[in-house]
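Me: I am in my first year and would like to understand how the words used for a protein model are justified. Could you take me through them with care, one question at a time?

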Amino acid sequence: MISTQLVVVGGGPGGYAAGFLAADLGLGVVIVDPEANPGGVCVYRGCIPSKALLHVAKVIDESRHAAAWGVQFGQPAIDLAKLRDFKNNVVARLTNGTGQLVKHRKVKYLQGYAEIVDAHTLRVKLKAGGTEDVQFEHAILATGSVPAIPPTLKLDDPRVMDSTGALDLPDIPASLLVVGGGYIGLELGTVYATLGSAVTVVEMTPGLLPGADRDLVDVLAKRVAQTMKSVLLETRVVSLKAEAKGIRVAFDGKADAKEQLFDRVLVSVGRRPNSAIPGLDRTEVQVDQRGFIQVDEQRRTHEPSIFAIGDVVGEPMLAHKASHEGRVAAEVIAGENVAFTPRAIPAVVFTDPEVAWCGLTEAQAARENRNVVISKFPWAASGRAITLDRTDGLTKLVVDPESEQLLGVGLVGPGAGELIAEGVLAVEMGATATDLTLSIHPHPTLTETVMESAEVFFGQATHVYRPKRSKN
Ligand code: FAD
């Protein structure tokens, strides 16, 4: 029997961020996770492997475009085994690193699955065999999420993959159907399309990336129309059937073809919280109808000794949101008076072009009937975008017309995922449009588009002529 001040169930970006900070704050910490080292879905089969493959896709894509700039590279020869090794080594480097950090911080790491015995005891089924009981003052549940596969899309055939299977890169299929036009489907679809698959994306709503502002998505959709074979909107997959030559897919909706054969199918229609933790019903912890564990601003559940964070407590299911919640929960357990109250959680879609936003979106402002001004700077007017031969981007600000405070930022274009960080800082700090215009941005960079979209708000942008309102 181990006795500890804090046990963290799940070693993903939420769980290990929580455990590491708690140890830094002086608490005795145990982390339980089935993998050999912390990392969770994000590092082992999510954010990190997908971005390693997307980096390779970007290089291939740029080499193709280089012909237009007078440089010919010829057709890329793809060594799939080496590509897999690169991706696996990226994951191994990171997870070896988290393993080292466990040791440095003197955190006890149990490789196994946790079951809840009562509000102060866990039983861990160790991967190496046997069990270990852990008695704790506090626990943080950080068990994450798993792919959601509706019954119509379930088929026991290796050619039907979820995101984990697709990241294994079994081959480069001649044809691939991506079911779901959300960020995971579009990112992995981009990888396969660039490697040479004819990719079809099917999405049941009228547009890709449901939830994101349409003007940003439109820019991505134009590019996707060139790189992928087709995008079927307002169309549902009603059945999958395994045949010798491929997976026969039946569609219902706007798509012309009602049936098609694909070499492989990637099902990426969303993720569901992993709240089916054995023994959870022996506590007062409550789970809502969608399966999310209910927590307050400090990430406390209804059981006083138990906290919960990350994908298992709600949207947005993103690694950085999980880590931040984890750090809040650790501080609360260590006795600090803090809460999880972000103004801006960034979302990034690492497609080509990237799409990123934070804070209030234009669509959300319209839904909530809020009076906002949208200030846009098209990248066609950006010197840096022209040097990159990528003028299809857009930067937009959502501004409160009264206070001139920045409420949200939206971006589409290469590097949008890096650029959004300035928006997060500005929104969190309560910056106004004037603050952005008064901050000198380096030239020539895409960051200038953030400054210039604030200048557009006043009708005084150097590189676009759009007179509007005077600055007091
Ligand atoms: P997880 O990372 O899901 O970790 C939970 C851990 O708990 C797992 O290791 C699980 O095995 C373990 N566990 C579960 N039950 C038990 C138990 N009973 N006992 C012990 N351990 C248990 N997010 C981003 O922010 N950026 C991205 O670019 C991005 N890309 C993604 C790409 C893909 C393909 C996928 C699938 C996801 C991506 N995500 C991305 C989402 C991101 O991975 C999640 O938001 C993040 O991992 C959530 O962290 P977490 O700590 O809540 O849980």
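**From values to words**

Reply: Lys 254 counts as exposed, since its relative accessibility is 58% and exposed begins over 50%. Please keep in mind throughout that this is a predicted model.

Me: What makes Glu 234 and Lys 254 a salt bridge?

Reply: The closest N and O atoms of Glu 234 and Lys 254 are 3.4 Å apart, and because the cut-off is 4 Å, the pair qualifies as a salt bridge. Glu 234 lies in the loop between β10 (230–232) and β11 (235–243), while Lys 254 lies in the loop between β12 (246–253) and β13 (259–262), so the bridge ties together parts that are 20 residues apart in sequence. Unlike the exposed Lys 254, Glu 234 is partly exposed, because its 33% falls between the limits of 20% and 50%.

Me: Why is the contact of Glu 115 with Arg 282 called a salt bridge, and which parts of the chain does the pair link?

Reply: The N to O distance between the side chains of Glu 115 and Arg 282 is 3.1 Å, which is within 4 Å, so the name applies. The pair links distant parts of the chain, with Glu 115 in strand β3 (residues 108–118) and Arg 282 in the loop between β15 (271–273) and β16 (306–308), 167 residues apart. Glu 115, at 29%, and Arg 282, at 47%, are partly exposed, because such values lie between 20% and 50%.

Me: How do you know whether Glu 362 and Lys 396 are buried or exposed, and what joins the two residues?

Reply: Lys 396 has a relative accessibility of 1%, and because buried means under 20%, Lys 396 is buried. Glu 362, with a relative accessible area of 29%, is partly exposed. The two residues form a salt bridge, because their closest N and O atoms are 2.7 Å apart and the limit is 4 Å. This pair, too, links distant parts of the chain: Glu 362 is in helix α9 (residues 362–367) and Lys 396 in strand β20 (residues 394–399), 34 residues apart.

Me: What makes a network out of Asp 61, Arg 223, Asp 352, Arg 390 and Asp 392?

Reply: These five residues are joined into one network by salt bridges that share partners. In the model as a whole, the count comes to 23 salt bridges.

Me: How many aromatic pairs are there, and why is the pair of Tyr 16 and Phe 20 called tilted?

Reply: There are three aromatic pairs. In one of them, the ring centres of Tyr 16 and Phe 20 are 5.5 Å apart and the planes stand at 50 degrees; because a pair needs centres within 6.5 Å, and because an angle neither under 30 nor over 60 degrees counts as tilted, both parts of the description hold. Tyr 16 and Phe 20 are four residues apart in helix α1 (residues 13–24), which means that about one helical turn separates them. Both residues are buried.

Me: Why, then, is the pair of Phe 457 and Phe 458 called edge-to-face?

Reply: Their planes make 80 degrees with a centre-to-centre distance of 4.9 Å, and because an angle over 60 degrees counts as edge-to-face, that is the name used. Phe 457 is buried at 0% relative accessibility, and Phe 458 is buried at 1%.

Me: What makes β17 and β19 edge strands?

Reply: Five strands form an open antiparallel sheet in the order β17-β18-β21-β20-β19, and β17 (347–349) and β19 (373–378) each pair on one side only. The twist averages 10 degrees from one strand to the next.

Me: How do you know that β17 and β18 are paired?

Reply: Three bridges connect β17 with strand β18 (residues 354–359) in the antiparallel sense, and because at least two bridges are required, the strands are paired. One bridge joins Ala 347 to Trp 357 in β18. Helix α11 (residues 416–428) lies across β17, β18 and β21 (406–413), running at about 10 degrees to β18.

Me: Which residues touch the most other members of the largest nonpolar core?

Reply: They are Val 199, Leu 209 and Val 355, in a core of 36 residues. Helix α6 (residues 183–195) gives the most to this core, with six residues.

Technical notes. Residues are numbered from 1 along each chain as its sequence is written. This is a predicted model: local features need pLDDT of at least 70, side-chain atom pairs count only at pLDDT 80 or more; totals for chains, interfaces and linings use all residues. Side-chain values use heavy atoms; hydrogens and water are left out. Rings of Phe, Tyr and Trp (its six-membered ring) pair if their centres lie within 6.5 Å; planes under 30 degrees apart count as stacked, over 60 as edge-to-face and the rest as tilted. Helices (H or I, at least four residues) and strands (E, at least two) are DSSP runs, numbered from the N terminus. Buried means under 20% relative accessible area, exposed over 50%, partly exposed in between (1.4 Å probe, protein chains only). Axes are lines fitted to C-alpha atoms, for helices over the stretch in contact, and angles run from 0 to 180 degrees between N-to-C directions. Contact means heavy atoms within 4.5 Å. A nonpolar core is a set of buried Ala, Val, Leu, Ile, Met, Phe, Trp, Tyr and Cys residues joined through side-chain atoms within 4.5 Å.
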